[in-house]
Amino acid sequence: MIAYLFRRVAGTVPVILLISLLVFLLIHAAPGDPAALLLSDEASPQDIADARHRWGLDQPIYVQYLRFLLNVLRGNFGTSFRYSDPVIRLIGERVPATIELALVSLAIAIALGIPLGVWAGAKPNSWADNLGSFFGFFGISMPSFWFAIMLILVVSGYFHWLPSSGRSTYGISHGTASDFYIFQSLAEGDFRAAWDGIRHIIMPAIALGTNMMGIIMRVTRSSVLEVMHEDYVRTARAKGVGERTLLWRHVLRNALVPIITVVGLELGTLLSGSIIVETVFAWPGSGSLLISAIESRDYPLITGTVLTYTIAFVVINFTIDILYAMIDPRIRFEK
Amino acid sequence: MRSSSDVAAGLGAASPSAAARRRAGRAGRAIRAWLKPKIILGGGIVLTLVFVGVLAPWIAPFDPNAQNLAMALKPPEWLFGVHVLGTDPLGRDILSRLFYGARVSLVIAVMVVLISGVVGIGLGAVSGYFAGATDFAIQKFVEVVWAFPPLLLAIAIMAFLGQGLDNLILALVMQRWISYCRVARGQALSLRHREFVEAARALGASHARIILRHILPNLFQSAVVIGTFAMASAIISEAALSFLGLGVPPEIPTWGSMLADGRTYISTSWWLALFPGLCIFFTVLGINLLGDGLRDILDPRLKRSGSGIG
């Protein structure tokens, strides 16, 4: 296990280095002189030359990259132009909101996707299968941003059931923006604030989770379909295990491996989906931070957010791989 | 359904025109294999999209960019009105913009799929065929690009390089060639030591010839299936980028940018957001259905990969 761990870490480090190189090259591929872009329009040529020197833009490109890399490794993504705060702190303040949204979306996707998939896979071509498959196709074909707008239109605009944007109601919430509102309010026993948080998160979480729900449903269906033909299922049935126990205990447990794989793979889709959904619902997470940074051409903030998202994704995938190797020893010994 | 034609073919074997009947039965079965609800429905939607996109200049009732502020934000007048689906804040006809939007989506999606296919299959075949150091380098690159959350890389590319059709296509191709590359590499790896490849090599065929003539033709069916799903995801991503204001320049009507307008006027003018979204949804649904149906027929092995997206 230790050897496997080492091998995986050794494989991941170069990938992170190359990611930073790719992002660095992207910054430099941006049209125009970065110094001119980063300064205001009124900057004189002298100001620009000073800035070029200050930021090391007059150095050879590999020196610039090494500097960039060292800063990134130290967690120093520079200072935001717009907020004049360190980028790392701005992102750190927004991350809990994104994580909270992602977790609730994932929970919704799993809670709906797996039962629908098992239901559909257990009886192929039945009406249950058709209904489940319909939801599956619905989920994977629905653009989250449109679904989000339609939810706002109907649920907030027409029925006035749920708030259309933000994370909490002013006056009800206490705490700062950088908290896990719902969990924190629950932990403190403030149920009014927790309920307020839940009301705010329902629509964004549904909009974000629908795609994942569709994917989970489809994988669960095909995986269950496959397991249903295994010998041990026949054996279990032959010894008189009830249909429900059979399905949820024997079949689902064996069908879970591909489901977990896909959930892990699709976490990236969930992360990038959150960028759009957060923007639609004005959810104060790191995704809406990225979009507002792009709108104000806040390059250090864009770079920092992109790198944070990507490294988070790499770490998530890495963790999932390790979990796998712990669950399934065969993986450790592959090549 | 299939059994009746089998019986017919079986009975036919006894009669003089057995061969002809058998041929007819076989052709019938082949056609019927393709006539699945998924393929008919999906194919129908895709054909409609192509039809509307190609014919947009002739069937659109208005110029998609013609502004008429006197007619701004008119609700849908349905079938017999002037502006069937209403107008936007600048008085532009929604239906006409949807038609032209179909055209833009289609052109971008097709280009993205073709370029991704050529790049991905090319790199994948080279990677698998040569193996060794070439394979290692290409696969490292795949790993790095794959490490980015799907839409994020496209967003980053558009943010740094700026709006524009060429940048948009680059941004969408950047991650879509990878699924082709993986399949092509796997195939090439397993084919490189097969007898027919060894034979071609022994006959003095060049590497390029072996890859083009002996390896690539085996990849065609997988590529069709991957391409269909890539097209669906390209359309969604293009709409998402346009929605975020990171797509093509604003003067080109796209479903995504129409939706972004719709979001601004959500509390007063529901039709602005409803129709472009429906177009995206049904287009992607149609392509996904078609892709699913094609996969069942052409390449059942891909089935386990689960999603069509990404």
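The legends below accompany several views of a predicted model, beginning with chain A as a whole and ending where chain A meets chain B.

**View 1. The helices of chain A in the predicted model.** Chain A contains 14 helices and 0 strands, and reading from the N terminus its elements therefore follow the order α-α-α-α-α-α-α-α-α-α-α-α-α-α. Along the principal axes, the C-alpha atoms of chain A occupy a box of roughly 85 × 55 × 40 Å.

**View 2. Burial and contacts within chain A.** Chain A has 335 residues, of which 40% count as buried. Among the contacts in chain A with a separation of 6 or more, 70% join residues that stand 24 or more positions apart.

**View 3. Helix 1 of chain A, residues 2–29.** This helix is made of 28 residues, and the distance from its first C-alpha to its last is 41 Å, which is close to the 40 Å expected at 1.5 Å a residue. Four names to look for along helix 1 of chain A are A:Ile16, A:Ile19, A:Ser20 and A:Val23, each of which is buried.

**View 4. The place where chain B touches chain A.** Here 41 residues of chain B are in contact with 44 residues of chain A. On the chain B side, at least two residues each come from helix 5 (132–146), helix 6 (150–161), helix 10 (220–243), helix 11 (255–264) and helix 12 (270–298). Sorted by class, the side of chain B that touches chain A consists of 28 nonpolar, 9 polar and 4 charged residues.

Note on methods: Residues are numbered from 1 along each chain as its sequence is written. Chains are lettered from A and ligands numbered from 1 in the order in which they are written. This is a predicted model: local features need pLDDT of at least 70, side-chain atom pairs count only at pLDDT 80 or more; totals for chains, interfaces and linings use all residues. Two residues are in contact if their C-beta atoms, placed from the backbone, lie within 7 Å. Ala, Val, Leu, Ile, Met, Phe, Trp, Tyr, Cys and Pro count as nonpolar, Asp, Glu, Lys and Arg as charged, and the others, Gly among them, as polar. A residue is buried if 20 or more other C-beta atoms lie within 10 Å of its own, exposed if 12 or fewer, and partly exposed in between; C-beta atoms are placed from the backbone. The expected span of a helix is 1.5 Å times one less than its number of residues.
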